[in-house]
Every structure is written in C-alpha cells, then in structure tokens.
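Please open the structure in a viewer and keep the sequence at hand. The stops below say what to select next and what is found there.

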Amino acid sequence: MCALSAAARGAKGVKIASVEFVTSAGGLQECPNRPLPEIAVSGRSNVGKSSLLNSLLGRHAMARVSRTPGKTQRLNFFLVNQNFHLVDLPGYGYAKVPAAVRGNWSGMMQGYLQGREQLRGLVQLVDARHEPSRDDREMVQWLLDEQLAFCLVPTKMDKLRQGERKPAISTLLRILHLPSDQPVVPYSSVTDEGREGLLQWIAGAIANVPEED
Ligand code: GTP
Ligand code: MG
C-alpha cells in the first residue's frame, strides 16, 4: 500500500486555523464563485463523510452527522483558512430515498463532479469493514477513468480489531483495482486516526495546479 504519494509526502499537512460554513448548494449553479481550490468528500450514505469532516476540521458540530442515512442531501461548502473549500457531498447508494430524489442526486453530482473547475481532488470514503458496494466500485472506476486525483479513505477503523486491519485494506485495494501508487489513508473519526495523513494529502492536492484542457 502506498500511504501517500511522493508529492503529498513532501508536503506539510494543512494546519486548520479557521473554518466557516459558506453555503449549502443544490447544484453546480449554486456553488460559490470564488476561484479557490476545492476538495470534496465522497462516499456512500452513512459511510462517515460528515463525521470525517468534523474530525478533520477539529470542529465537532460543523457538518451534520446522523444515524439516519441520507442526512446530507446538498453540497455543503466550508471555507478553511480563508484559502480553500472543503465540500461535504450527499452520499450515494441509499435505497430508501424516492427515485425522484435519486435522479436529482445524480444530476447534482454529475454536474458538480464534471463541471466544477475549482475541484482539485476527492477524499473517497469506503467502509473498512465491508467489501465495497457496486456503487463504490463504479465511483472509483469513474475517478480512475476521469483521472481526478483522489485519496482512498477506509473509514470506521476503530471498529476493526488489530489483526483485521491489513486484510481489510488489502481486500479494498484488490476489489477496487487500485494502482500500487494509490494514496490510501485509513481513518477513524472516533480516534482521529489518519487525520495528519489526510491533511498532508489535502495540502498536496490543493497545491496542484490543474492542467489546461
Ligand atoms: P450521509 O450524510 O447520510 O451521506 O452520511 P455520512 O457519510 O455523512 O455519515 P455520518 O458522518 O453522518 O455518519 C454516519 C454514522 O456513522 C453516524 O452514526 C456516525 O457516528 C458513525 N460514524 C462515522 N464515522 C465513524 C467512525 O470513524 N467510527 C465509528 N465508530 N462510527 C462512525
Ligand atoms: Mg453526511
């Protein structure tokens, strides 16, 4: 496993000095206009995206966490250190939402992921305890195809026993067909395991200037 790419290893982690909630956008046209680099947090519903954001930002009630899947249904923007945005994305794969909402979700997400010029990378969460779902596999394949930089983050690591950790991560890497240099940062929002590693990856990703088409 490559914990972090060479670029991220060389970079210092972001230090969180300030965080502000900016807006909750219903689609690409409602996203903030400021030309700041942006990192979005993606994953299936209930995987722990909002919890990870709170842990990462060191602000325990910034993003809304819930036991009920499907809590985050809009694109929630946080301005960090006045110089980049972190975005809490609505989760995929929650079967109980009505078809109309699912349709709305895919339109909103596709518009954002394909149209957002400021987007520098994704923090892609998968539950460390389970095999990736079909939606997870499709999402990761899409990121690989689009060559959008991402860090794979197995979540809820605190729920695994010591001996289960390595096999769980190897299974994820194998099933998701990830390249050997894929950045991977196992995380627990309960213990903050992975926080420094992920802040380091983010520092590298926001420093990357995107290539012109
Ligand atoms: P949606 O907004 O519905 O897409 O969910 P989400 O991905 O934002 O998940 P959320 O952060 O709301 O967490 C879902 C549930 O998992 C909550 O009950 C959290 O307390 C729990 N949870 C999240 N991260 C962790 C973790 O690292 N460890 C443990 N033990 N529980 C976690
Ligand atoms: Mg959420």
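**First stop: the cysteines**

Select Cys 31: this residue is buried, with a relative accessible area of 6%. Here buried means under 20% relative accessible area, exposed means over 50%, and partly exposed lies in between, with a 1.4 Å probe and protein chains only. Now select Cys 151, which also counts as buried, at 0% relative accessibility. The structure holds 0 disulfides, a disulfide being a pair of cysteine sulfur atoms within 2.5 Å.

The model is predicted: local features need pLDDT of at least 70 and side-chain atom pairs count only at pLDDT 80 or more, whereas totals for chains, interfaces and linings use all residues. Residues are numbered from 1 along each chain as its sequence is written, chains are lettered from A and ligands numbered from 1 in the order in which they are written, and side-chain values use heavy atoms, leaving out hydrogens and water.

**The whole protein**

Return to the full view and colour by secondary structure. The protein has 6 helices and 6 strands; these are DSSP runs numbered from the N terminus, helices being H or I of at least four residues and strands E of at least two. Along the sequence they follow the pattern α-β-β-α-β-β-α-β-α-β-α-α. Of the 213 residues, 47% are buried. The exposed area is about 10,900 Å², of which carbon and sulfur atoms supply 48%; areas come from the Shrake-Rupley method with a 1.4 Å probe, and for residues only the protein chains shown count as cover.

**The sheet**

Select the strands. All 6 form an open sheet with mixed pairing, in the order β1-β3-β4-β2-β5-β6; two strands pair if DSSP finds at least two bridges between them. At the edges, β1 (19–25) and β6 (150–155) each pair on one side only. Neighbouring strands are turned by 20° against each other on average, direction ignored.

Next, display β2 (residues 38–42) with β5 (residues 119–127): the two are parallel, with 5 bridges. Ala 40 stands opposite Leu 122 of β5.

**Strand β3**

Which residues cover the two faces of β3? Leu 75, Phe 77 and Leu 79 are buried on one side, and Asn 76, Phe 78 and Val 80 are buried on the other. In a regular strand, side chains alternate between the two faces of the sheet. With 6 of its 6 residues buried, β3 is largely enclosed by the rest of the structure.

Strand β3 runs antiparallel to β1, joined by 6 bridges; Phe 21 has Phe 78 as its bridge partner in β3. The pairing of β3 with β4 is also antiparallel, over 5 bridges, and Asn 76 has Asp 88 as its partner in β4. These two strands form a hairpin with 3 residues between them, and Asn 81 in the turn has a positive phi of about 55°.

**The helices on the sheet**

Select α2 (residues 49–57), which packs on the sheet and touches β1, β2, β3 (75–80), β4 (84–88), β5 and β6; its direction makes about 150° with that of β4. Contact means heavy atoms within 4.5 Å, and angles run from 0 to 180 degrees between N-to-C directions of lines fitted to C-alpha atoms, for helices over the stretch in contact. Helix α2 is largely enclosed, because 8 of its 9 residues are buried, including Leu 52, Leu 53 and Leu 56. Gly 58 follows α2 and has a positive phi near 65°.

Finally, select α6 (residues 195–207), which lies across β2, β4, β5 and β6 and runs at about 155° to β5.
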